[in-house]
Every structure is written in C-alpha cells, then in structure tokens.
Amino acid sequence: MTRKQRRLMNIGLIGVVLAAAVGLILYALGDDIVFFQTPTQIAENPPGSGKRLRIGGLVETGSVHKDGARVEFVVTDTNATVRVAYVGLLPDLFREGQGVVVEGRLSPDGLFTADSVLAKHDEKYVPKEVVDALKAQGVWQEGQTATQ
C-alpha cells in the first residue's frame, strides 16, 4: 500500500468510528429528550402514557392541596388544565398564581406525576413557551407578571 492509500484508509476508518460514536450517543439520549407542552397542547393531542415531558403554565388559584410531603395542584394556561402530583420539597417561590414548569410523566387517568418542579425566580420570570401560549390565547399582555 502506498502512503496516500494508507492515509485515505485511516481517514475513512476515523470517519466510520466517529459516525458510530455519534449514532450511539443519539440512541442513548433518545429516551432522555424531554419536550415542553402547555396544558392546551396536552388536551388537544394527548401524549402516550408514560412519556416523559415538561408542562408549563400558571398554578391555578385554590388548587394546591398538601398532604405531608405529597402536593397536588393544577397547572393552567387559562384555556386547559392538568392535575399535577408531586412528592418532595417545593421551591420557596412556588405559590398559587405563579409561573411553574413541572417535569415528569402523564398517567392514563390524566394525572401528571412530577419529579421536578421549577418556580419563577424573580418578578418578571415566566417561561418563554408559557408566555407565547398565553399570548396566542390573547390573555398575556406585555409587562405583565405572572401574579397579575
């Protein structure tokens, strides 16, 4: 084999190894990719049972019920709602009427079992996707905070 042929063969071998590595990484991450949805999107097109997702919206006023470490509340985008159950400590800024993003799985009975809850971190924070969904429904106004 000439030097040029060996170099081309090495480059081809490196290309195959890199392609295989990228393929394995994408395959491994396939189950961990989480898509964001609003309660309206879930009501219109329910995801498969047990599929991992993120839901964002506002905590409905009067919907928070605590039973020890278990908390149940309702996330709404003012058009549709999703019941959420969470076991654990809630963020300090979690309260009714505030923006929230929950991550977990939707059960066949419609209860969303969250394994993480994220609450707003300052006066103006509401997730961009939630603001976009509220704007699309004509509910959100510029300069509005989640508590208004």
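This is a short chat about the predicted model shown above.

Me: Which helices and strands does the protein have, and how many?
Reply: The protein has three helices and seven strands. Along the sequence they follow the pattern α-β-α-β-β-β-β-β-β-α.

Me: What is the average pLDDT?
Reply: The average is 82, and 83% of the residues score at least 70.

Me: Which elements have the lowest and the highest mean pLDDT?
Reply: Helix α3, residues 128–136, has the lowest mean, 73. Strand β5 has the highest, 93. Where pLDDT is low, the predicted coordinates should not be read in detail.

Me: How much of the protein is buried?
Reply: Of its 148 residues, 36% count as buried. About 9500 Å² is exposed, and carbon and sulfur atoms supply 57% of that area.

Me: How many residues are in the largest nonpolar core?
Reply: That core has 19 residues. Those with the most contacts inside it are I55, F73, V84, F94, V102, F112 and V117.

Me: Which strands each supply at least two residues of this core?
Reply: They are β2 (52–59), β4 (70–76), β5 (81–87), β6 (99–106) and β7 (111–119). The largest share comes from β7, with four residues.

Me: Take V117. What is it in contact with, leaving aside neighbours within four places in sequence?
Reply: V117 is in contact with F73, Y86, L90, P91, F94, V100, V101 and V102.

Me: Switching to β6. Is it mostly covered or mostly open?
Reply: Mostly covered. Seven of the eight residues in β6 are buried.

Me: Which sense does the pairing of β2 and β6 have?
Reply: Antiparallel, over seven bridges. In that strand pair, I55 has V102 of β6 as its bridge partner.

Me: And how many bridges join β6 to β7?
Reply: Seven, and these two strands also run antiparallel. V100 is bridged to A119 in β7.

Me: What about the hairpin of β6 and β7?
Reply: It has four residues between the strands. G110 takes a positive phi there, near 95°.

Me: On to β4. Is T76 buried or exposed?
Reply: T76, which sits in strand β4, is buried. I say so because its relative accessible area is 10%, and the cut-off for buried is under 20%.

Me: What is T76 in contact with?
Reply: Leaving aside neighbours within four places in sequence, its contacts are P39, G57, L58, E60 and T81. There is also a link to T78: the backbone nitrogen of T78 lies 2.9 Å from a polar atom of the T76 side chain.

Me: Why does E72 count as partly exposed?
Reply: Because its relative accessibility is 27%, and partly exposed falls between 20% and 50%. E72 is in strand β4 too.

Me: Which side chain does the side chain of E72 make a polar contact with?
Reply: That of R70, at 2.7 Å.

Me: What else does E72 touch?
Reply: Not counting residues up to four places away in sequence, E72 touches S63, V64, H65, R83, V84 and A85. As for V87, its C-alpha atom is separated from that of E72 by 8.8 Å, and the two residues are 15 apart along the chain.

Me: Last one. Of contacts with a separation of 6 or more, what share is between residues 24 or more positions apart?
Reply: They account for 52% of those contacts in the protein.

Terms used. Residues are numbered from 1 along each chain as its sequence is written. This is a predicted model: local features need pLDDT of at least 70, side-chain atom pairs count only at pLDDT 80 or more; totals for chains, interfaces and linings use all residues. Side-chain values use heavy atoms; hydrogens and water are left out. A nonpolar core is a set of buried Ala, Val, Leu, Ile, Met, Phe, Trp, Tyr and Cys residues joined through side-chain atoms within 4.5 Å. Buried means under 20% relative accessible area, exposed over 50%, partly exposed in between (1.4 Å probe, protein chains only). Contact means heavy atoms within 4.5 Å. Accessible areas come from the Shrake-Rupley method with a 1.4 Å probe; for residues, only the protein chains shown count as cover. A polar contact is a pair of N or O atoms within 3.5 Å; within protein, one must be able to donate a hydrogen and the other to accept it, and residues adjacent in sequence count only if both atoms are side-chain atoms. pLDDT is the predictor's confidence in each residue, from 0 to 100. Two strands pair if DSSP finds at least two bridges between them.
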